Amino acid sequence: MHIVVVDPSRVVLKVISGLLTPRGHTVDTFTDSREALDFVTDNASVTALITSLEVRPLGGLELCWSARLLADAHRPLYIITMSSARNARNLAEALDSGSDDFIDKPPSPEELYARLRAAERMTGMQRELIRLAETDALTGLLNRRAFLQRAGEAADRAGAHGRLSMILVDIDHFKAINDQHGHDVGDMAIRGVAQELVGEAGGIAGRLGGEEFALALPGRSLEEAEAAAGRLRLRCTQLRFKGQRGPVQLTASFGVSTWSEGETMGGLLKRADIALYEAKTTGRNRVVSAATDLILARTA
């Protein structure tokens, strides 16, 4: 586990780190609680926070509360508070402030190890629940809800003047693939296109439903997104699937849009969807940009 430990005493920090590091845990220690919170905020790999109640400038209870807000539906985080003054009031306040567990300070090795085994079980179950809630079962991509949330977070990071482009993808004549070759071949086609999207480095890929996909590209300009869509279009034409009547091929159509000042996620998707519709109605197997409405790649 990646564990952050917060305590005003460097001796206590050294003792706890000395107990955990030999067991394979990654441990970062802090005497400043605000610095610790910033570190946990910026490092999603942290899955456990052990903090004394007697810390500053944020008190231990405030640190628990702030850290608990980070542990939303997308991030497991187990919080353990510790205090040399163990009493019912401290325990109740810590649990009410978002702590998952409470130990004496300094903790005994056996108790600390046991508490962290419980933390590993709990965060493991949370991680699996998150995966099931966010993942499309057929392709392993983000499902529609999770994709929209991740893309929205990327838009927030981009801000008013940052770069973010969107590609919508639709498999051409997908109903014919299902009707002529069976739904199992249709499923293979969907998985094949999904894997091509995953291969685009730095992208956020999701299945919006049926044979439609989306790829958000943080930091990419319209021209870069058009080039990525062109590469994906060509790779889709090279896919082959085994059908009862021989190899099955497919093509896909692409609509591209890019972030502009005052943009909303809904607007970004809408413009990409309009471009995708243009690609579908003007011949398919092509890329259309929402900015210029120019057909950028025709049937090979």
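These are my notebook entries on what I looked up in this predicted model.

**Entry 1: confidence.** I began with the confidence of the prediction. The protein has a mean pLDDT of 91, and 96% of its residues reach 70 or more. I then noted residues 292-300, where the pLDDT is below 50. Beyond near neighbours in sequence, this stretch has 25 contacts in the model.

**Entry 2: domains.** I looked up how the chain is divided. The assignment gives domain 1 as residues 2-134 and domain 2 as residues 144-289. Taken over C-alpha atoms, the centres of the two domains are separated by 41 Å.

**Entry 3: helix α1.** I turned to helix α1, which spans residues 10-20. Which of its residues are buried? I found V12, L13, I16, S17, L19 and L20. These residues lie on the same side of α1, because they cover an arc of only 160° around the axis. I recalled that an α-helix has 3.6 residues a turn, so residues three or four places apart point the same way. On the face turned away from the buried side I recorded the exposed residues R10, V11 and K14.

I next asked what covers the buried residues of α1. The cover includes the strands β1 (2-6), β2 (26-30), β3 (46-52) and β4 (78-83), together with helix α5 (109-134). At the start of α1 I noted a polar contact: a side-chain oxygen of S9 comes to within 3.3 Å of the backbone nitrogen of V11.

**Entry 4: nonpolar cores.** I examined the largest nonpolar core, which has 30 residues. The members that touch the most others are I167, V169, I171, V193, F213, L250 and F254. I listed the elements that give two or more residues to this core: strands β6 (164-171), β8 (212-218) and β11 (252-258), and helices α7 (174-181), α8 (183-198) and α9 (222-237). Apart from this core lies another, of 20 residues, including L142, A146, A155 and L269.

I followed I167 further. Leaving aside neighbours within four places in sequence, I167 is in contact with F213, A214, L215, L217, A225, A228, A229, F254, G255 and V256.

**Entry 5: L69.** I closed with L69, which is found in helix α3 (residues 60-70). Is L69 buried or exposed? I recorded L69 as exposed, because its relative accessible area is 60% and exposed means over 50%. I also compared its position with that of V193: the two residues are 124 residues apart along the chain, and 36 Å separate their C-alpha atoms.

Key: Residues numbered from 1 in each chain as written. Predicted model: local features only at pLDDT ≥ 70, side-chain atom pairs only at ≥ 80, totals over all residues. Heavy atoms only, no water. pLDDT = per-residue confidence, 0-100. Contact = heavy atoms within 4.5 Å. Buried < 20%, exposed > 50% of the residue type's maximum accessible area, 1.4 Å probe, protein only. Helix = DSSP H or I, 4+ residues; strand = E, 2+ residues; numbered from the N terminus. Arc of directions from axis to C-beta. Polar contact = N/O pair within 3.5 Å; in protein donor to acceptor, adjacent residues only side chain to side chain. Core = buried A, V, L, I, M, F, W, Y, C linked by side-chain atoms within 4.5 Å. Domains from an automatic or database assignment.
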